[in-house]
Amino acid sequence: MGLNLVFLGLPGSGKGTQALEIAKKFELNLISVGDLLRDECDKKSDLGLKIKKRIDEGELVTLDIIEELLRQNIDSKDGFIFDGIPRNIEQAVLLDKLMQERDARIDLVIEFQISENSIIDRIKHRYICNQCGAILCLNNATDKYCLECGVDDIFKRKDDCSTKAVNNRINVYNEEFHDIKNFYIAKSVLYSIDADRNLEEVTCSIMDLISKSQA
Ligand code: AMP
């Protein structure tokens, strides 16, 4: 399917979870820039160590690294969900350029709207499964196993444990969002959804927007 989507939203707004779900449903290639960066960190290369420092502090990784990473991961296949990019106007322009190089375009940009209080609460309870990559919301401190695949190999992201890093990510998002929003409004591709609802309701809203964008 030649559909290219961008999911925008604060960290913890649920865009990563929905991106996984929608990518499966529509057989789209999921490009989660945060995951790609964390994979690079795991390699413990010089580049990985540089990236890790920025991530741990809640700062954006530089544009040259992001471009390199995208070029490595966007091959000729079309039909992508971009999760976690663009984070600033330079990245929005870059993404457009990369799409144009492939005779493609961003068809639909979905903004996940949610209050900062909900974000902070969600991040507090967010765990990741080391086995299947599921993003979990665990309220009960004793239930520390994956609700998707059942293993007890789950972890909390370091940048989710630091109040300073969480606040920094929220501030960076708020500072940059205005320009990104205007960029996509000018292209008539931006739509907003209420992300402060349960998973199924949010998925329905996204599917609705996808159907309308293809009509
Ligand atoms: P995320 O997994 O989307 O919450 O991103 C976690 C961290 O990875 C961010 O706080 C940034 O440090 C880094 N990061 C993710 N996406 C980008 C991006 N598009 N540009 C620069 N840094 C990013």
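Modeller: Two strands are said to pair if DSSP finds at least two bridges between them. The model discussed here is a predicted one.

Colleague: What makes β5 and β7 a pair, and in which sense do they run?

Modeller: Strand β5, residues 126-129, is joined to β7 by two bridges. The requirement is at least two, so the two strands count as paired. Their pairing is antiparallel. Within this pair, Cys-129 has Ile-154 of β7 opposite to it.

Colleague: To which sheet do these strands belong, and which of its strands are the edge strands?

Modeller: They belong to an open sheet of three strands, in the order β6-β5-β7, with antiparallel pairing. The edge strands are β6 and β7 (154-155), since each pairs on one side only.

Colleague: How is the sheet of five strands ordered, and why are β2 and β8 said to stand at its edges?

Modeller: This second open sheet has the order β2-β3-β1-β4-β8, and its pairing is parallel. Strands β2 (29-32) and β8 (190-194) have a single partner strand each, so one side of each lacks a neighbour in the sheet, and they are placed at the edges. From one strand to the next, the twist averages 20 degrees.

Colleague: How do you know that β3 pairs with β1 and with β2?

Modeller: Four bridges link β1 (residues 4-9) with β3 (residues 80-83), and the two strands run parallel. Between β2 and β3 there are also four bridges, again in a parallel arrangement. The condition is at least two bridges, so each of these counts is sufficient for pairing.

Colleague: Which residues of β3 are the partners of Val-6, Phe-7 and Ile-31?

Modeller: The bridge partner of Val-6 in β3 is Phe-82. Phe-82 is also the bridge partner of Ile-31. Phe-7 has Asp-83 of β3 opposite to it.

Colleague: What makes both faces of β3 count as covered?

Modeller: On one side of β3 are Phe-80 and Phe-82, on the other are Ile-81 and Asp-83, and all of them are buried. To be called buried, a residue must have under 20% relative accessible area.

Colleague: Which helices lie against this sheet, and at what angles?

Modeller: Helix α2, residues 33-42, lies across β2 and β3, and it runs at about 65 degrees to β2. Helix α9, residues 199-214, packs on the sheet and touches β1, β4 (108-113) and β8. The direction of α9 makes about 155 degrees with that of β4.

Colleague: Why is Ser-205 called buried?

Modeller: Ser-205 is a residue of helix α9. Its relative accessible area is 18%. The limit for a buried residue is under 20%, so Ser-205 is classed as buried. If its neighbours within four places in sequence are left aside, Ser-205 is in contact with Ile-193 and Arg-197.

Colleague: Why, then, is Asn-167 called partly exposed?

Modeller: Asn-167 is found in helix α8, residues 163-186. Its relative accessible area is 35%. Buried means under 20% and exposed means over 50%, so a value in between makes Asn-167 partly exposed. The C-alpha atom of Asn-167 is separated by 32 Å from that of Ile-210, a residue 43 places away along the chain.

Colleague: Why is the largest cavity called a cavity, and what lines it?

Modeller: A cavity is a space in which a 1.4 Å probe fits but from which it cannot get out, so this enclosed space receives that name. The structure holds one cavity of 30 Å³ or more. The volume of the largest cavity is about 80 Å³. Of the 13 residues in its lining, the closest to the centre are Leu-8, Gly-9, Pro-86, Arg-87 and Tyr-173. Strand β1 and helix α8 are the elements that give two or more residues to this lining. The largest share, five residues, comes from α8. By class, the lining holds eight nonpolar, two polar and three charged residues.

Colleague: What is the volume of the second largest pocket, and which elements contribute to its lining?

Modeller: The second largest pocket has a volume of about 280 Å³. Its lining has 13 residues, and the closest to the centre are Thr-17, Leu-20, Ala-134, Ile-135 and Glu-148. The elements that give it two or more residues are α1 (15-26) and β6 (135-137). Helix α1 provides the largest share of this lining, four residues.

Key
Residues are numbered from 1 along each chain as its sequence is written. This is a predicted model: local features need pLDDT of at least 70, side-chain atom pairs count only at pLDDT 80 or more; totals for chains, interfaces and linings use all residues. Side-chain values use heavy atoms; hydrogens and water are left out. On a 1 Å grid over the protein atoms alone, a cavity is a set of points where a 1.4 Å probe fits but cannot get out, and a pocket is an open set with protein on both sides within 12 Å along at least five of seven lines; lining residues have an atom within 4 Å of a point. Grid points are joined across faces, edges and corners, and a volume is the space filled by probe spheres set on the points. Axes are lines fitted to C-alpha atoms, for helices over the stretch in contact, and angles run from 0 to 180 degrees between N-to-C directions. Contact means heavy atoms within 4.5 Å. Buried means under 20% relative accessible area, exposed over 50%, partly exposed in between (1.4 Å probe, protein chains only). Ala, Val, Leu, Ile, Met, Phe, Trp, Tyr, Cys and Pro count as nonpolar, Asp, Glu, Lys and Arg as charged, and the others, Gly among them, as polar.
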